[in-house]
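The following note is offered to a colleague who is meeting this structure for the first time. Please read the points in order, with the chain in view.

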Amino acid sequence: MMWKHLMSGTAVMMLVGCTAIPTPLSQQDNAMTAAALKQGATEGQEPVTGAIDLYEAMARALKYNLDHRVAMMEFDLARRDYDLSKWDMLPQMVANGGYYGRNNDAGASSLSLLSGRQSLEPSTSTERDVFNADLTASWNILDFGLSKIRAEQLGDESLIYQERRRKAIIQLMEDVHRAYWRALSAQRLGNRLAALEADVQKSFDDSRRLYQG
């Protein structure tokens, strides 16, 4: 009975030890993580020291835009996975090495079958320190086929991410182009409106003076 209780307790402890309970992040942890990510995203950006033309705006967007940076990292990661998958198609190499040593010689002697006396002096045929090594290469046609299919899939995925990156760049350039000309038009229109407002105010003042005079 005691053995059964011991086994039951051991099983319960093993189940408890193998159970992983996820711990949700608190709001403070999420806020700290978001602040760190925001600081890292804007860190190292070149400050704006003057007027920005259209080409500089496009260059800054390509360099600092988060969507483009994410698309670029996804493409780089997919390309790296594709490059690594090519190694799976190569034969597998296994290297082994060993060492055997003793503090005395492994000696042996022989006896005569006719007289039963020792016929030779004790001798040895091995060294005290023995090193051995071997290199084995194995290649499986099934593993090669699966690795080739997997490499082709990863190659297609890298092309998909490359196309996503290209579309992200095109969309980003369109957004920058549209926003730049809107801002420039608003700036020019604002200057004209300010000048027009000054002219209207001057005309109003002149008319009021003429009316009062």
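Is R166 buried, partly exposed or exposed, judged by relative accessibility?

1. R166 counts as partly exposed, because its relative accessibility is 43% and the partly exposed class lies between the 20% limit for buried and the 50% limit for exposed. The reader should bear in mind that this is a predicted model. R166 also takes part in a salt bridge with E163, and the closest N and O atoms of the two are 2.4 Å apart. Both residues lie in helix α5, three residues apart, which is about one turn of the helix. E163 is likewise described as partly exposed, its relative accessible area being 33%.

2. The overall layout may be set out next. The chain has five helices and four strands. Read from the N terminus, the order of the elements is α-α-α-α-β-β-β-β-α. Of the 213 residues in the chain, 10% are buried.

3. How many salt bridges does the structure hold? The count comes to three. Apart from the pair in point 1, there is one between K148 and E152, with 2.6 Å between the closest N and O atoms. K148 and E152 are four residues apart in helix α5, so about one helical turn separates them. K148 is partly exposed at a relative accessible area of 37%, and E152 is partly exposed at 42%.

4. A further salt bridge joins D175 to R178, where the closest N and O atoms are 3.2 Å apart. Here too the partners both belong to helix α5, and they stand three residues apart, about one turn of the helix. D175 has a relative accessible area of 33% and is therefore partly exposed. R178, at 40% relative accessibility, also counts as partly exposed.

5. Which residues form the negative surface patch? The patch is made up of D81, D83, D156 and E157. Two helices contribute to it: α4 (66-85) and α5 (141-212) each supply at least two of its residues. D83 is located in helix α4. With a relative accessible area of 35%, D83 is partly exposed; this value suits a patch residue, because patches take residues with over 30% relative accessible area and no salt bridge.

6. There is also a nonpolar surface patch, to which W139, I141, L142 and L146 belong, and its area is about 470 Å². W139 sits in the loop between β4 (129-138) and α5.

7. The structure holds one aromatic pair. The pair consists of Y180 and W181, with the ring centres 5.5 Å apart and an angle of 80° between the planes. The arrangement is edge-to-face, because planes over 60 degrees apart are placed in that class. W181 is partly exposed, its relative accessibility being 38%.

8. Several residues of helix α5 can be paired with residues far from them in sequence, and three such pairs are given here. What separates R165 and D67 along the chain and in space? They are 98 residues apart in sequence, and their C-alpha atoms are 9.1 Å apart. R165 has its place in helix α5 and is partly exposed, with a relative accessible area of 24%.

9. L159, found in helix α5, provides another such pair. The C-alpha atoms of L159 and A78 are 8.6 Å apart, although the two residues are 81 residues apart along the chain. L159 counts as partly exposed at 48% relative accessibility.

10. K148, already named for its salt bridge with E152, completes these pairs. This residue of helix α5 is 62 residues from K86 along the chain, while 7.6 Å separates the two C-alpha atoms.

11. In summary, a reader may wish to locate a few features in the model. Among them are the salt bridge of R166 with E163, the negative patch of D81, D83, D156 and E157, the nonpolar patch that includes W139, and the edge-to-face pair of Y180 and W181.

Methods. Residues are numbered from 1 along each chain as its sequence is written. This is a predicted model: local features need pLDDT of at least 70, side-chain atom pairs count only at pLDDT 80 or more; totals for chains, interfaces and linings use all residues. Side-chain values use heavy atoms; hydrogens and water are left out. Patches are made of residues with over 30% relative accessible area and no salt bridge: like charges are joined within 9 Å, nonpolar side chains (Val, Leu, Ile, Met, Phe, Trp, Tyr) within 5 Å. Accessible areas come from the Shrake-Rupley method with a 1.4 Å probe; for residues, only the protein chains shown count as cover. A salt bridge is a side-chain nitrogen of Lys or Arg within 4 Å of a carboxyl oxygen of Asp or Glu. Lys and Arg count as positive and Asp and Glu as negative; His and the chain ends are not counted. The place of a charge is taken as NZ of Lys, CZ of Arg, CG of Asp or CD of Glu. Buried means under 20% relative accessible area, exposed over 50%, partly exposed in between (1.4 Å probe, protein chains only). Rings of Phe, Tyr and Trp (its six-membered ring) pair if their centres lie within 6.5 Å; planes under 30 degrees apart count as stacked, over 60 as edge-to-face and the rest as tilted.
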